[in-house]
Every structure is written in structure tokens, then in C-alpha cells.
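Q: Please take a close look at the surroundings of the ligand in this model, and then place that part within the rest of the protein.

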Amino acid sequence: MKRTFISNIGDIDSKEVLLKGWIHKIKKFKDFAFAFLRDKSGVIQLVIEDGEILDKLNLEMSVEVIGETVQNVKSPGGMEVKAKEVRIVGKSYYDLLPFSINGKDINASLEKQLDYRAISLRRPDRRAVFKVQEEIVEAFRTYFRSNHFSEIHTPKIIASGTEGGSEVFTVNYFEKRTFLAQSPQFYKQMMVGAGFERVFEIGHAYRAELHNTWRHLNEYVSLDVEMGFIKDEDDLMDLEEGFIKYLFEDLKDTCKNELKRYKISLPRIDKIPRIALSDAQKILLEEFDKKSPIGNIDAEGEALFSKYVKERYGSDFVFLTKYPASKRPVYTMPDDKLEGMTRSFDLIYKGLEITTGGQRIHDYEELKENMIKFGNNPEDLDFYVESFKYGMPPHGGFAIGLERITMKLLDLDNIRMATLLPRDMNRVTP
Ligand code: AMO
């Protein structure tokens with residue numbers, strides 16, 4: 001007999017079904033019990049009358065059930081299953097459960113939930129986050145593939161940092177000192193020049209950030225995009241805007257239940273405002289008396305500015321544009337119309353930066369010159385600089401932090417809640 005998933009019960013012709021899953025909840029009465037069965041797709045009420053089975057039943061054990069579907073308006077979901085046969089396939093030592101799986105609240109700290117991740121994820125509310133995340137990745141892949149982008153997989157053990165600064169993990173690689181990739185930046189650019197023209201990657205990125213905050217991880221998933229033959233950074237913002245628009249419409253369909261569970265109603269995305277960083281800083285100062293660091297906006301400023309944009313433009317998103325060259329990595333294209341500025345941007349979503357992007361320098365000589373200006377030796381990055389010698393087209397791209405966009409979409413308040421198995425300064429297990 002073929003197994004039926006709980007969410008499909010309403011679609012099948014036969015009344016007899018084989019279900020598999022975990023015992024979520026048990027409600028005992030005098031001659032029978034309701035046991036709620038949970039599988040990856042949902043929860044259904046079982047009616048069990050066999051006393052022998054009832055005696056053995058325990059919360060969170062895994063079972064296979066053969067039973068008959070019965071319409072019952074009083075049961076959750078309008079349908080229940082009268083169990084004929086219940087086979088216990090995985091025993092549960094219930095007393096060892098660290099927190100509640102079936103209660104309204106988990107009643108455990110985030111740290112404890114993460115310590116027991118394989119258990120806390122049994123809660124449908126916790127696992128729903130990763131259904132949304134899975135659909136974000138799927139939509140990303142579908143959108144970019146359908147726009148002529150090729151998916152690539154680049155190495156994560158690399159010879160040098162890509163983003164400047166000192167946030168790199170070192171790896172002993174035989175006799176050499178190597179690093180974990182902070183981003184696929186150099187490789188995605190090289191693949192544009194290699195003839196792929198448009199590429200994307202869904203891969204891990206590593207940052208040796210020395211701070212443990214609600215929005216930083218030491219390992220995260222980066223949704224990277226790079227596109228050749230662009231006019232300027234506006235092409236890139238148009239592209240990302242198109243993706244966000246597509247993503248929201250897609251999630252309304254694929255994650256209806258999960259969005260409802262988190263009380264999220266996704267707006268229709270129209271034009272995302274594009275505001276120069278210096279203008280945003282001015283507004284922060286004038287409207288909120290908030291001073292910003294030179295060439296940037298801090299976390300508090302991002303949150304305040306988002307509030308302002310929401311009130312003024314009705315948008316949860318805002319592109320901040322024209323960052324100064326001194327604050328951007330060496331590969332960033334200077335803005336020829338604005339002395340000292342670059343053709344780069346950040347995308348802020350509900351008060352948090354979820355993307356950095358921009359046009360890159362594509363001329364071989366200009367790139368070498370800029371590297372020297374930044375105090376780098378182009379010869380140290382020979383493999384990268386070499387690829388600019390033969391007709392590298394104007395290009396640029398961006399990267400979206402997967403955990404950050406998931407977290408903000410669901411209004412979670414810690415990035416770890418949107419990370420399957422987080423790595424931070426204090427955590428390398430489970
Ligand atoms: P950047 O360093 O800004 O840019 O990273 C891009 C996006 O990645 C996410 N992110 C993080 N998420 C969680 N924890 C972290 N420690 C962390 N660091 C970054 C954020 C951020 O916006 N190469 C460029 C992108 C490009 O220009 O194409 C880059 O990596 O969402």
C-alpha cells in the first residue's frame with residue numbers, strides 16, 4: 001500500500017490510507033483516544049479504539065498507521081482517520097524530551113532550542129521557517145534561470161580574501177595557508193568574462209566576524225548574482241527589484257499556510273525607492289537628529305530610515321545608492337559623475353541590510369590602478385586580474401543573505417531562528 005501524506009488525504013479516492021509520522025498529542029477518553037499524527041505536511045486526528053495500542057502509545061514515537069478516512073466537521077481540518085492498525089517503528093523516551101513539541105509555546109530559550117535543533121524543528125512553527133526558506137531558494141533559482149542566468153558552484157577554499165578587511169577564517173591546506181571564502185565575488189565576475197555572461201550561485205559564505213549579534217552569523221548562505229553587458233548599477237537594481245516582485249507573488253502561493261501561521265501578509269511590490277546614501281544621512285539628521293558614521297549608516301540608522309521610507313513611500317524596501325569608494329571593496333566601479341563615490345548600493349528591508357551590490361571595474365588597467373590605490377599588489381591576485389585582459393564586458397551584481405531575508409520576511413527577531421544549524425562565535429554544534 002502506498003503511503004499518503006497528511007496534506008494529500010483530501011485528494012485521494014480510496015478511503016483506506018497508510019500514514020506515517022509522529023504522535024503529536026494524545027487525548028484519552030473512557031473507551032477510545034484521539035491521537036494526533038504529525039508528518040512533514042501536517043497534523044491529523046486519529047481515532048484509536050484498540051486498548052492494547054493505546055497502552056503502548058507515547059508522545060513523539062514514530063508510527064505507521066493504516067486506517068479509514070472519515071469526514072467529521074468537528075475534527076480539526078474536517079477529516080479524521082479511524083485507525084485499524086498502528087505499528088510503532090521508532091520508540092520515544094518521552095521523559096527525555098527537553099521541551100514541548102505540541103504546546104502553543106515552546107517554553108525554552110533560543111539557545112536551548114538550538115542545542116536540540118533536531119527536536120525543536122519537530123514543531124511545525126519552527127519548521128515552517130525552512131519551508132519558506134526553501135521556497136525563497138527555489139524562486140531565486142527559477143527567476144534567474146528564466147532570465148538566462150547559469151547556476152555555478154565555486155570553491156570555498158580560496159587563496160585570498162575577497163571583501164577586504166580582516167574577517168577571514170584561515171585553513172591549513174597542506175603546506176599552504178588558505179582561507180574560507182567570504183563570498184564568490186572574484187569567481188562570479190570571472191565566470192561572466194568566461195562567456196557565461198550571467199551567473200548565480202547559492203552557496204555558503206564565511207565571515208570571521210568578532211561579534212555575536214541578532215543579525216550576524218559566521219557561516220551564512222549567500223544568493224549571489226553577476227551579470228555582464230550592463231549599462232550601470234540601475235540595471236542591477238531593476239533586476240533585484242524584479243526578483244523581489246516575483247518572489248513575493250510566488251510565496252503568496254507556495255507558502256500560504258506558513259505566512260498565515262506567522263501572520264504575514266506580503267504586499268505587492270511596485271517601485272522600490274532608490275535614495276543616495278548622503279541624502280539618507282541628511283534625512284536621518286534632520287528628521288531624527290541621528291548622526292551617521294562617515295560613508296555609512298549604522299544599524300540604528302538603517303532601522304530609523306526604513307521607518308521613514310515606510311511612512312513616506314509605503315515601502316518595506318529601500319535601495320541606498322552611491323556609497324563612497326573608501327567604504328567599498330577594491331573591485332567597485334567609481335562613479336564618474338560623483339567624485340569619490342561608487343556605482344554601488346545596499347538594499348535595506350524592514351530596517352536591515354539584506355543585499356550589497358554594484359557595478360564592478362571591468363577595465364584591466366583601471367582595476368590594477370585601483371588595487372594599487374587601495375594598497376594591494378595586483379600580482380597577489382594574478383588569477384583574477386588576468387581574466388580582465390581580454391574584453392571583460394561592463395558587469396556587476398549583488399548578493400542577498402538568505403537567512404537575513406528569511407528572518408525579515410517572517411518578522412523573526414534573531415537570525416539564528418532562520419538558520420538551520422547556526423555557526424556563531426559560541427556555537428559549532430550541533
Ligand atoms: P556583503 O559583504 O555586504 O557583500 O554581503 C552581502 C550580503 O550577505 C549577507 N551577510 C551576512 N549575513 C549573515 N551574517 C553575516 N555575517 C553576513 N555578512 C553578510 C547580508 C549582506 O547584505 N561580494 C559582495 C556582494 C556583491 O557585491 O555582489 C558581498 O559579499 O545580507
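A: In this predicted model, the largest share of the shell around the ligand comes from β15, which supplies 5 residues. This strand covers residues 352–359, and together with α5 (185–196) and β16 (395–401) it belongs to the elements that each supply at least two residues of the shell.

There are 23 residues around the ligand, and those that come nearest are Gln 185, Lys 188, Glu 353, Thr 356 and Arg 360. By character, the shell divides into 7 nonpolar, 8 polar and 8 charged residues.

Individual atoms may now be considered. The side chain of Gln 185 places an N or O atom 2.7 Å from a nitrogen atom of the ligand. The side chain of Thr 356 has an N or O atom 2.7 Å from an oxygen atom of the ligand. For Arg 360, a polar side-chain atom lies 2.7 Å from an oxygen atom of the ligand. As for the ligand's surface, it exposes 630 Å² when taken alone, and the protein buries 94% of that.

The wider setting comes next. The protein is divided into domain 1, residues 6–96, and domain 2, residues 124–418. The centres of domain 1 and domain 2, taken over C-alpha atoms, are separated by 46 Å.

Some of the strands can be followed in more detail. In general, the strands of a sheet pair through backbone hydrogen bonds, and the pairing is either parallel or antiparallel. One sheet in this protein is a closed barrel of 5 strands, running β1-β2-β3-β5-β4 with mixed pairing. Neighbouring strands of this sheet are turned against each other by 55° on average, direction ignored. Within the barrel order, β2 (residues 33–39) and β3 (residues 42–48) are paired in the antiparallel sense over 7 bridges. Leu 37, for instance, has Ile 44 in β3 as its bridge partner.

Another sheet is open and consists of 3 strands in the order β7-β9-β8, with antiparallel pairing. Its edge strands are β7 (157–158) and β8, each of which pairs on one side only. Between β7 and β9, which run antiparallel, there are 2 bridges, and Ile 157 stands opposite Leu 180 in β9. On the other side of this sheet, β8 (residues 170–173) is joined to β9 (residues 176–180) by 4 bridges, again in antiparallel fashion. Asn 172 has Arg 177 as its bridge partner in β9.

The connection between β8 and β9 deserves attention. These two strands form a hairpin with 2 residues between them. Phe 174 lies in the loop between β8 and β9, and its phi is near 50°, a positive value in a residue other than glycine.

A further backbone detail concerns the segment after α12 (402–409), where Pro 430 has its place. The peptide bond joining Thr 429 and Pro 430 is cis, with omega about -10°.

To return to the ligand, the description rests on three elements, α5, β15 and β16, which each supply at least two shell residues, and on side chains such as those of Gln 185, Thr 356 and Arg 360, whose polar atoms lie 2.7 Å from ligand atoms.

How values were computed. Residues numbered from 1 in each chain as written. Predicted model: local features only at pLDDT ≥ 70, side-chain atom pairs only at ≥ 80, totals over all residues. Heavy atoms only, no water. Near = heavy atom within 4 Å. Polar contact = N/O pair within 3.5 Å; in protein donor to acceptor, adjacent residues only side chain to side chain. Areas by Shrake-Rupley, 256 points an atom, 1.4 Å probe, with all protein chains shown as cover. Nonpolar A, V, L, I, M, F, W, Y, C, P; charged D, E, K, R; others polar. Pairing = 2+ DSSP bridges. Axes fitted to C-alpha atoms, helices over the stretch in contact; angles between N-to-C directions. Domains from an automatic or database assignment.
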